[in-house]
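I opened this entry to keep a record of what I looked up, starting with the enclosed spaces and going on to the rings and the cysteines.

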Amino acid sequence: MGQTEPQLFCLVSTTGMGNGVKEGQVGLKQNGVEPIVPTHVLSEGSSEKRKVIHSLMSGALAGAVAKTAVAPLDRTKIIFQVSANRFSAKEAYRLIYRTYLNDGFLSLWRGNSATMVRVIPYAAIQFCAHEEYKQLLGSYYGFHGKTLAPLPRFIAGSLAGTTAAMLTYPLDLVRARMAVTPKEMYSNILHVFIRISREEGLKTLYRGFAPTILGVIPYAGLSFFTYESLKKLHADHSGRAQPYPLERLAFGACAGLIGQSASYPLDVVRRRMQTAGVTGHVYGSILPTMQEIIREEGLIRGLYKGLSMNWVKGPIAVGISFTTFDLTQILLRKLQFSTNIER
């Protein structure tokens with residue numbers, strides 16, 4: 001008779017979100033014996049992984065839909081931001097119309113391929129990071145599964161925007177270059193990277209990085225804060241847990257209006273620094289760039305050039321983005337629920 005191999009087991013207690021304590025047996029591997037892992041531990045891990053994937057997919061779609069919808073306005077705004085020409089709604093309309101007559105309808109979306117290459121990973125990372133930061137801060141501050149308090153709500157948004165901007169910044173610079181240059185200068189995204197690296201150096205790919213990060217902190221923080229706050233107010237006063245799609249669009253529009261207005265001067269500065277290599281200007285750091293813009297064009301006309309167009313473009317884009325993300329998340333959860341029932 002051979003010796004029976006000993007097996008050790010321990011009780012594992014896991015506390016859910018207010019669901020009490022659950023106990024299960026976990027086998028400790030000894031002498032080649034595989035551990036017995038309780039099913040709820042495995043399901044929690046796969047559920048968390050599925051949640052991250054859903055957030056990435058929803059964020060990517062949200063960013064793509066929103067940016068494509070406002071691409072002609074976005075391109076026009078960038079052209080005015082990086083030039084010394086005075087902005088007005090009439091001049092913006094003339095620029096759009098001239099572009100359409102000279103280069104065709106699709107030229108209004110020039111640079112949108114670079115925008116998609118940047119915005120799809122940017123939005124995916126930003127929305128996914130926001131969900132993760134909300135969960136992390138919720139655990140830290142004791143808001144398990146509930147809406148965060150105002151300060152953590154702002155911090156979650158700022159951290160999400162900063163994380164996304166840091167990981168995708170060179171693509172933002174490439175997109176700005178393609179938006180303000182003729183087709184003959186850069187044929188595609190890869191061509192932009194090659195020419196910048198060869199002619200201006202790899203460091204150029206991070207020109208304007210500092211104002212971008214300084215701008216994204218109030219922009220992303222206020223955008224997510226406003227949207228989450230309006231959803232909470234709506235739930236408290238209407239008695240409905242979920243707003244209608246049009247209400248989500250309105251909440252997102254308010255979020256975009258507030259977030260972009262707060263960070264707009266830094267947006268102008270980063271665009272000037274990003275496109276310095278093709279506009280003939282030499283910009284150093286943030287403060288000298290601001291001083292030069294104010295000296296040459298004035299405070300309001302320089303640092304807030306194109307803001308009125310942003311008040312049209314921004315709320316539309318952010319409203320579409322938040323709404324698309326939320327509705328896609330709801331749809332994916334329903335599909336997952338249906339799949340689980342069928343099993």
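How do the residues of the lining of the second largest cavity divide into nonpolar, polar and charged? I worked on a predicted model throughout, and in it I found 5 nonpolar, 3 polar and 5 charged residues in that lining.

**Entry 1, the second largest cavity.** I noted a volume of about 80 Å³ for this cavity, with 13 residues in the lining, of which Ala-71, Arg-75, Arg-110, Thr-115 and Arg-175 lie nearest the centre. When I sorted the lining by element, α2, α4 and α5 came out as those that give two or more residues, and the largest share, 4 residues, comes from α2.

**Entry 2, the largest cavity.** I counted 4 cavities of 30 Å³ or more, and the largest of them has a volume of about 660 Å³. Of the 37 residues that line the largest cavity, I wrote down Lys-67, Arg-118, Tyr-122, Tyr-219 and Gln-260 as the closest to its centre. At least two lining residues each come from α1 (39–69), α2, α4, α5, α7, α8 (245–274) and α12, and α7 gives the most, with 8 residues. By class I recorded 17 nonpolar, 10 polar and 10 charged residues in this lining. Two of the central residues also turned up in my search for charges over rings, where Arg-118 lies over the face of Tyr-122, at 4.8 Å from the ring centre. That search also gave me Arg-240, which lies over the face of Tyr-244 at 4.0 Å from the ring centre.

**Entry 3, the second largest pocket.** I then turned to open spaces and read off about 230 Å³ for the second largest pocket. It is lined by 13 residues, and those closest to its centre are Ile-79, Phe-80, Ser-83, Asn-85 and Leu-95. The elements that give two or more residues to this lining are α2 (71–81), α3 (89–103) and α5 (150–180), and I divided the lining residues into 6 nonpolar, 3 polar and 4 charged.

**Entry 4, aromatic pairs.** My count of aromatic pairs came to 12. The rings of Tyr-140 and Tyr-141 have centres 5.1 Å apart and planes at 85°, and because that angle is over 60 degrees I entered the pair as edge-to-face. Tyr-140 is exposed at 66% relative accessibility, whereas Tyr-141, at 38%, is partly exposed. I also entered Phe-224 and Phe-322 as edge-to-face, with 5.2 Å from centre to centre and 80° between the planes. Phe-224 belongs to helix α7 (residues 209–238) and Phe-322 to helix α12 (residues 307–342), so this pair ties together parts that are 98 residues apart in sequence. I found Phe-224 buried at a relative accessible area of 3%, and Phe-322 buried at 5%. Following the ring pairs further, I arrived at a cluster that links Phe-127, Phe-224, Tyr-227, Phe-322 and Phe-325.

**Entry 5, cysteines and one alanine contact.** I looked for disulfides and the count came to 0. Cys-128 is buried, with a relative accessible area of 8%, while Cys-254 is partly exposed at 38%. Lastly I checked Ala-123, which is found in helix α4 (residues 112–141) and is buried at 4% relative accessibility. I noted that Ala-123 and Ala-60 are 63 residues apart in sequence, yet 5.4 Å apart in space from C-alpha to C-alpha.

Methods:
Residues are numbered from 1 along each chain as its sequence is written. This is a predicted model: local features need pLDDT of at least 70, side-chain atom pairs count only at pLDDT 80 or more; totals for chains, interfaces and linings use all residues. Side-chain values use heavy atoms; hydrogens and water are left out. Rings of Phe, Tyr and Trp (its six-membered ring) pair if their centres lie within 6.5 Å; planes under 30 degrees apart count as stacked, over 60 as edge-to-face and the rest as tilted. Buried means under 20% relative accessible area, exposed over 50%, partly exposed in between (1.4 Å probe, protein chains only). A charge sits over a ring if NZ of Lys or CZ of Arg is within 6 Å of the ring centre and within 35 degrees of the ring normal. On a 1 Å grid over the protein atoms alone, a cavity is a set of points where a 1.4 Å probe fits but cannot get out, and a pocket is an open set with protein on both sides within 12 Å along at least five of seven lines; lining residues have an atom within 4 Å of a point. Grid points are joined across faces, edges and corners, and a volume is the space filled by probe spheres set on the points. Ala, Val, Leu, Ile, Met, Phe, Trp, Tyr, Cys and Pro count as nonpolar, Asp, Glu, Lys and Arg as charged, and the others, Gly among them, as polar. A disulfide is a pair of cysteine sulfur atoms within 2.5 Å.
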